[in-house]
Amino acid sequence: MSEISRSSTRLDQYVDRYAARTKGMTASEIRALFAVASRPEVVSLAGGMPNISGLPLDIVGRAIGDLIKTNGPTAMQYGSGQGTPELREQICEIMRMEGIDAHPDDVVVTVGSQQAVDLVTRIFIDPGDVIICEAPSYVGALGVFRAYQADIVHVEMDEHGLVPELLEQAIAATKAAGRTIKFLYTIPNFHNPAGVTLSAERRPEILRICREADILILEDNPYGLLGFDGPPHRALRADEAEGVIYLGSFSKTFAPGFRVGWALAPHAVREKLVLAQESATLCPPAFSQMAISAYLEQHDWQGQIKQFREMYRERRDAMISALEDMMPASVRWNVPDGGFYVWLTLPPGIDSKAMLPRAVTARVAYVPGTAFYADGFGTSSMRLSFCYPTPERIREGVRRLAGVLEQEMELREMFGATGSIPTIARSRYDGPGTDMA
C-alpha cells in the first residue's frame, strides 16, 4: 500500500506527529460514561458529582452581584500566578481544622486540585520515574501520571488504609531494581474510590517510611471536611512540613463550577509551582477566587459543610441499607465514614467491566474497578457513588444493579467452566478489597 493510500485510511492523519507522551493519554472510563449516565432514565451510581442543591444560591448570587458592583474591574482582570492574598489567607484558616499551621506565602491557588496534581507531576517527573500509588487509586491522577510517562507502582490497602509494611516492600523492591521514586500519591481521608481512611496509628508510620527513604508525599485531600462522625482527621502535612505537598479543593465543600483548588508546598517547591502555573494558565481566574472569598466571608460556610455532611450521611445510609437488603450474599463492600464512595467486590469470575453494558441496558451505571488501576487489575470490583442521587434513586439503582448481577451469576453458573460460585457467609467486609493476590 502506498504512503498516500495509508494516510487516507487513517482516522487521525496526525498520528505520526504526536509527542511520545500522548501515548499515555487515554479517555477516563468515568468520562466515557457521562453521556449515558446523564440520561434521566438511568440511575447513575457512577459520577462523583457533589450535590449542591443545598447551597444558598440566593446568598451566593448576592455575593457575586456585590462583587461585580464593588470590585468588578479587578475580578475580571488578570491576577497573580499564585492566587489572591485574601483567598490564600482563608485557605490557611480552613487547613487549621486539620491541624496544619501554614503561611499564605506557601499556598498556590490552582484551577481545581486536578491542576495541582498536574503541576506537581510536571515539575517532578521525568519519563520512566516511579510514582507509588494506593491500589486502587484516583482515576484522574492516574491519567496525569500516564500523560507525563511515569511508571506507577501500586501498594495495597486494607480497612485501615495504606499498609505500611507493603509500602516498605514496594520501596525496597523498586530501589533494588535501580528505579527512581519521585513521590507517594495518597488520598488518606475517605478515599476515592475505596472509601477507606488511613488510621491515626498508621499516619506516623507512613511519614517515617517516606522520610527515611527520602520520598516526597503528595497528600490529596478533597474530602477531608466531609466526615460523618467526629472532627476532621489530622493531615499528614500537619506533622511533616518539608516532606509533604498538600492538595485541597473547594469543589466538594462549595461548588465544582468555580474550579478552585490549591497546593500547600515547601517554599522551594512553591516557587516552581508558581512558574508552572504561569506557563499553563498565566494565573488562576481572579473572579472565581474573589467569589469564593466573598462566600467564605459572608456566609456560615462551616454550617454549610455540616449540612453537606448530614446529607451525604443520609445517602450513605440509604446505599448501605439497599446493599444489605438486595445484594447476593457473595458480594462484599465497605462502609465509609465520610466522602462519596462505596467500593464493591464481586463474586469470583464476575467481570465488572464486561458487565457494564448490561447494567446500562438495565438503566443503572457504575464505574468498573479497572478504571482505578494502572496495571489491569480491578475487574472484580466497582465503585458506587452515593453523593448525587436521592436516597430513593439510590435504592432503585441498587435494585437494578442487584438484578443484573444475579443474572450474571446465573449465566456464569450455567456456562462457566468452574461451575457454581462459592458463597461468602457475610455480605459486608471492612476493606476496599483488590484482586491482586
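1. A residue is called buried here when its relative accessible area is under 20%, exposed when the area is over 50%, and partly exposed in between, with a 1.4 Å probe and the protein chains only. By that criterion both faces of strand 8 (244-249) are covered, since V244, Y246 and G248 on one side and I245, L247 and S249 on the other are all buried. In a regular strand the side chains alternate between the two faces of the sheet.

2. The model is predicted, so local features need pLDDT of at least 70 and side-chain atom pairs count only at pLDDT 80 or more, whereas totals for chains, interfaces and linings use all residues. Residues are numbered from 1 along each chain as its sequence is written, and side-chain values use heavy atoms, with hydrogens and water left out.

3. On the overall composition, the protein chain holds 13 helices and 14 strands, where helices (H or I, at least four residues) and strands (E, at least two) are DSSP runs numbered from the N terminus. Of the 437 residues in the protein chain, 54% are buried. Among the contacts in the chain with a separation of 6 or more, 77% are between residues 24 or more positions apart, a contact meaning heavy atoms within 4.5 Å.

4. Eight strands form an open sheet with mixed pairing, in the order 2-9-8-7-6-3-4-5; two strands are taken to pair if DSSP finds at least two bridges between them. Strand 2 (107-110) and strand 5 (161-162) are the edge strands, each pairing on one side only. At one of these edges, strand 5 is joined to strand 4 (residues 151-158) in the antiparallel sense over two bridges, with G161 as the bridge partner of D158.

5. Within this sheet, strand 6 (residues 181-186) is mostly covered, five of its six residues being buried. Strand 6 pairs in the parallel sense with strand 3 (residues 130-135) over four bridges, and also runs parallel to strand 7 (residues 216-220), again with four bridges. Y185 takes part on both sides, as the bridge partner of C133 and of L218. From strand 6 the chain crosses through helix 8 (residues 202-212) to strand 7 in a right-handed β-α-β crossover, the hand being right if, with the strands pointing away from the viewer, the path from the first strand over the helix to the second runs clockwise.

6. Strand 8 has two neighbours as well: four bridges join strand 7 to strand 8 in the parallel sense, with I217 opposite V244, while strand 8 and strand 9 (residues 261-264) run antiparallel and are likewise joined by four bridges. On that second side, A263 is the bridge partner of L247.

7. A second open sheet deserves separate mention, in which four strands are paired antiparallel in the order 10-11-14-13. Strand 10 (332-333) and strand 13 (367-368) stand at the edges with a single partner strand each, so one side of each is left without a neighbour in the sheet. Strand 13 pairs with strand 14 (residues 381-385) over two bridges, and P368 stands opposite M382.

8. As to side-chain packing, a nonpolar core is a set of buried Ala, Val, Leu, Ile, Met, Phe, Trp, Tyr and Cys residues joined through side-chain atoms within 4.5 Å. The largest such core has 70 residues, of which M95, F250, L323 and M327 touch the most other members. Its largest share, nine residues, comes from helix 11 (residues 301-326). Apart from this core lies another of 28 residues, among them V108, V117, A141 and L218.

9. Which residues lie nearest the centre of the largest cavity? They are I94, L225, S249, T253 and W262, out of 18 lining residues; a cavity is a set of points, on a 1 Å grid over the protein atoms alone, where a 1.4 Å probe fits but cannot get out, and lining residues have an atom within 4 Å of a point. Strand 8, helix 10 (286-298) and helix 11 are the elements that give two or more residues to the lining.

10. Finally, R400 in helix 13 (residues 391-415) is buried, with a relative accessible area of 12%. Leaving aside residues up to four places away in sequence, R400 touches E41, V42, V43, A362, R363 and V364.

Conventions. 1 Å grid on protein atoms, 1.4 Å probe; cavity = no way out; pocket = protein on both sides within 12 Å on 5 of 7 lines; lining within 4 Å.
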